[in-house]
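I opened this structure to see how its parts fit together. My notes follow in the order I looked things up.

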Amino acid sequence: MKQIKLLWEHQEKQHELTKTLKSLKQIKEDDKLENVQVELKQLEYDLITNKTQLEMKKIEIERSERKLKIINDNLGQTTQRLYSGDITDSKELIEIHKEEERLREQCDLIEEEIYLNLEKIDAYDEIIKLKQKEYTRSSENVSFLHREHIDQTTKLKEKCKELRTKLQQLNSKIEPDFIKKYNAISKMKHRAVVKVKNKSCTGCHMNIPLSTISRLKKDEVVCYCDNCGRILLYSKEPE
Ligand SMILES: [Zn+2]
């Protein structure tokens, strides 16, 4: 019975379509790509933050250097006044001397500040280099997974399209009543059409009466398994 063979083919294609749709859904739900994308965004954010922090330190150093220059100039003038010999009043000399000391302390503090900021800049440089490497690696990984995701999705969608076309073609060749019966059995059983192997139904594994087998061999009629009600397909392949 040619119709049963078509129905069998229909069933196989239908199952293949279900499986393909399931794979597509799994790919869509797979959060591997999403996770690495989030990771990349975080790295990007960290890099921007570190670069900003580094720039801030550079600005702080520039500011300190300007301040240092002014204080150094003041110090130079104060020292000059102190040793010029123009000032003879001892009280005034003590005051100028105190001022000189105060300015020197300020210079030391600012130099220390600059030194610490230079060290911080070195540390940020190192962090940025490491993060940059990590970012490049992560970015390549995202591109790879993204390409893979698109490739897989495209392939599966094409497969679905092919299967749907094939199913439509098969549908047009199968008698509508037969499809109705098939659909009714499909609602209850995973497979509505099953092969007969070793003289038994491959759906429920019960033996098939010889009379049914001989009717199936004649290839003329539609036979159902007495036990499970599935449509039987006699396979001519060696058992
Ligand atoms: Zn059966």
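What is the order of the strands in the open sheet of three strands? I read E2-E1-E3, with mixed pairing. Strands here are DSSP runs (E, at least two residues) and helices are DSSP runs (H or I, at least four residues), numbered from the N terminus. Two strands pair if DSSP finds at least two bridges between them.

Before going on, I noted that this is a predicted model, in which local features need pLDDT of at least 70, side-chain atom pairs count only at pLDDT 80 or more, and totals for chains, interfaces and linings use all residues. Residues are numbered from 1 along each chain as its sequence is written.

I then checked the sheet's edges. Strands E2 (200–201) and E3 (231–234) each have a single partner strand, so one side of each is left without a neighbour in the sheet. E1 (residues 193–197) pairs with E3 in the parallel sense over four bridges. In that pairing I found Lys195 opposite Leu233 of E3.

Next I looked up Ile231. Leaving aside neighbours within four places in sequence, its contacts (C-beta atoms, placed from the backbone, within 7 Å) include Ile4, Leu7, Val193 and Tyr224.

Last, I turned to Leu103, which sits in helix H3 (residues 90–173). Is Leu103 buried or exposed? Neither: it counts as partly exposed because it has 19 C-beta neighbours inside 10 Å, where 20 or more would make a residue buried and 12 or fewer exposed, with C-beta atoms placed from the backbone. Its C-alpha atom is 7.7 Å from that of Asn72, 31 residues apart along the chain.

Methods. Two residues are in contact if their C-beta atoms, placed from the backbone, lie within 7 Å.
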